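Thanks for asking me to look this one over. Here are my notes, as numbered points you can follow alongside the structure.

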Amino acid sequence: MIKSRFNPFRIHGVVEGEYFTNRTNEIERMITALTEPGSKLLVYGPRRMGKTSTILQAIARINDAGEQAFLADLSTASTAVDIGNKILAEASRILGKGWKSFISDIVSKLSVSVSLTPDPGTGAILPSVDFNLRERDAAEQRKALTSVLDAINEIAGEREKTIGIALDEFQEIHKFGGETAEWDLRGTIQRHGNISYLLAGSKEHLIHRMVLNKGALYKLVDKMPFGPMDTEYLADWIDSRLRAAGIKKAKVGAAIVGAAGPRTRDVVQVARKCFDLTHSKGVATSDDIDEAFNDIVDEEYDLLFSHWNTLTAHQQNVLRAVAAGNKGLTTHSTLKRFGLGTSGTAVNTANTLVKGGHLIKKDPYSQKRVKSPTGYEFDSPFFKSWLMKYTLEDIGLIPDDRE
Ligand SMILES: Nc1ncnc2c1ncn2[C@@H]1O[C@H](COP(=O)(O)OP(=O)(O)OP(=O)(O)O)[C@@H](O)[C@H]1O
Ligand SMILES: [Mg+2]
């Protein structure tokens, strides 16, 4: 077999083609949701699980079949107008291909002024909402967003088609007007019989509140939790990718999944590093997995260190206790050893860290409580390992003497 220099795993951004595997049931369900007129599906799950890649697979299949769907990622928007622009740009890129008059149609239907500029990627002319609107108050900005979605709904109606819109990290709407913004979104999507919406997100505390009684999505959406891939399947896939890339002896998939935990990206990241370490010798063993994991932690030192520096001393101490402790967070010895003050402040800080995405208290997919002695676990296995390696000595615990 020829040894490949090319890594068979990718971790930057979304994956497609041979770098993407499985998720057949999820893709089927998303295709149905994005093509059924007026349907509304909420896809929620932990970070780094593969949501966006899977949605894009569904969208590609829909467009290949001659129907219409697109994704707009809300995560980088700084204003509600930016969201409107993202939707406008993606709609124009995807729908403008098949429907020649789409851009002029949508421009004529928008209730806000629009400028036309070339897309830096393709040179195609794309509409965007007048940038002066970014300085207006949040309510007015949200009207611009509503106007974009209304216009798309109208065009779909005129053409007697359904348009599937996936709003990725949709919970970010909260930044632009809190619960009022969430209710605005509800009002808008509720009216749109010609659009099917897929709302995807990962900020559990925001999404959970929205679907509860009195929340903006209550009884509006079908729910689809997005969880880990079957571990045996993923382990076999890793081994077969390694072997196809020239690693003759590769039976490390299960160990990689075990070391990296449930998030697909973390698993693929260790697999990627494992290939780098082993492709020249052509054999991968469990020692290579430990080395791969440690290399990732060291390579990400700067990133993890700057992450650490954004935290208060009390938060850092709680994280140390969670990383090191084999006793309850609020036991007398843990509070004392890690300088956590009272049990009330320790729990408050731990809960802030849960909200901030550093710790988890229950598995976001299965909703089962974390089994660790402290009752908390790290969101990232690499951050946990970094903390154990570099910060426990600060308080006199050597890394191999973790309580
Ligand atoms: N089905 C898959 N097959 C192979 N690799 C995958 C798959 N799903 C996810 N991954 C890995 O996880 C990484 C992140 O995927 P993606 O961005 O789709 O996840 P996400 O849940 O949207 O993450 P985020 O929470 O950061 O938005 C990919 O770059 C890839 O390494
Ligand atoms: Mg994503």
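1. Let me begin with a loop. E160 sits between α5 (138–158) and β5 (163–168), in the loop that joins them. This is a predicted model, so please read every value here as computed from it. With a relative accessibility of 73%, E160 counts as exposed, because the cut-off for that class is over 50%. Its C-alpha atom is 13 Å from that of S196, a residue 36 places away in sequence.

2. Now for the whole chain. The protein has 16 helices and eleven strands. Its radius of gyration is 24 Å, close to the 22 Å that the globule rule gives for 403 residues, so the protein is as compact as a globular protein of that length. Along the principal axes, the C-alpha atoms fill a box of roughly 70 × 60 × 35 Å.

3. A few totals may help you with the interior and the surface. Of the 403 residues, 49% count as buried. Take the contacts between residues at least 6 apart in sequence: 70% of them join residues at least 24 apart. The exposed area is about 19,000 Å², and carbon and sulfur atoms supply 51% of it. As for charge, there are 52 positive and 51 negative charges, and their mean positions are 3 Å apart.

4. Which residues does W99 touch? Leaving out residues up to four places away in sequence, the list is Q68, I155, R159, K161 and I163. W99 itself is found in the loop between α3 (80–98) and α4 (102–109). Although it is in a loop, W99 is buried, with a relative accessible area of 10%. One of its partners, R159, is 60 residues away in sequence, and the two C-alpha atoms are 9.8 Å apart.

5. T188 is worth a look as well. This residue belongs to helix α6 (residues 178–191). At 5% relative accessibility T188 counts as buried, because that value is under the 20% cut-off. Beyond residues up to four places away in sequence, T188 touches T146, L149 and D150.

6. Next come the aromatic rings. A pair of aromatic rings is described by the distance of the centres and the angle of the planes. The structure holds eleven such pairs. In one of them, W308 and W386 meet edge-to-face, with 5.8 Å from centre to centre and 65 degrees between the planes. W308 lies in helix α12 (residues 301–309) and W386 in helix α16 (residues 381–390), so the pair ties together parts that are 78 residues apart in sequence.

7. Are W308 and W386 buried or exposed? Both tryptophans are buried. They also belong to a cluster linked by ring pairs, made up of Y301, F305, W308, F378, F383, W386 and Y390.

8. Helix α16 deserves its own point. It is mostly covered, with seven of its ten residues buried. Those residues are P381, F382, F383, S385, W386, L387 and M388. What do the buried residues of α16 pack against? Their partners are the helices α9 (253–260), α10 (264–278), α11 (286–299), α12 and α13 (313–324), together with the strand β11 (377–378).

9. For an exposed position in a strand, try K249. This lysine lies in strand β8 (residues 249–250). K249 is exposed, with a relative accessible area of 60%. Even so, K249 touches G282, V283 and A284, not counting residues up to four places away in sequence. The C-alpha atom of K249 is separated by 57 Å from that of A151, which is 98 residues away along the chain.

10. Finally, two backbone angles to check by eye. N22 is not a glycine, yet its phi is positive, near 65 degrees. N22 lies in the segment before α1 (24–35), and at 28% relative accessibility it counts as partly exposed. R48, also not a glycine, has a positive phi of about 60 degrees. You will find R48 in the loop between β1 (40–44) and α2 (51–64).

How values were computed
Residues numbered from 1 in each chain as written. Chains lettered and ligands numbered in written order. Predicted model: local features only at pLDDT ≥ 70, side-chain atom pairs only at ≥ 80, totals over all residues. Heavy atoms only, no water. Helix = DSSP H or I, 4+ residues; strand = E, 2+ residues; numbered from the N terminus. Rg over C-alpha atoms; globule rule 2.2 N^0.38 Å. Buried < 20%, exposed > 50% of the residue type's maximum accessible area, 1.4 Å probe, protein only. Contact = heavy atoms within 4.5 Å. Areas by Shrake-Rupley, 256 points an atom, 1.4 Å probe, with all protein chains shown as cover. Lys, Arg positive; Asp, Glu negative; His and termini not counted. Charge placed at Lys NZ, Arg CZ, Asp CG, Glu CD. Phe/Tyr/Trp six-rings, centres within 6.5 Å; stacked < 30°, edge-to-face > 60°.
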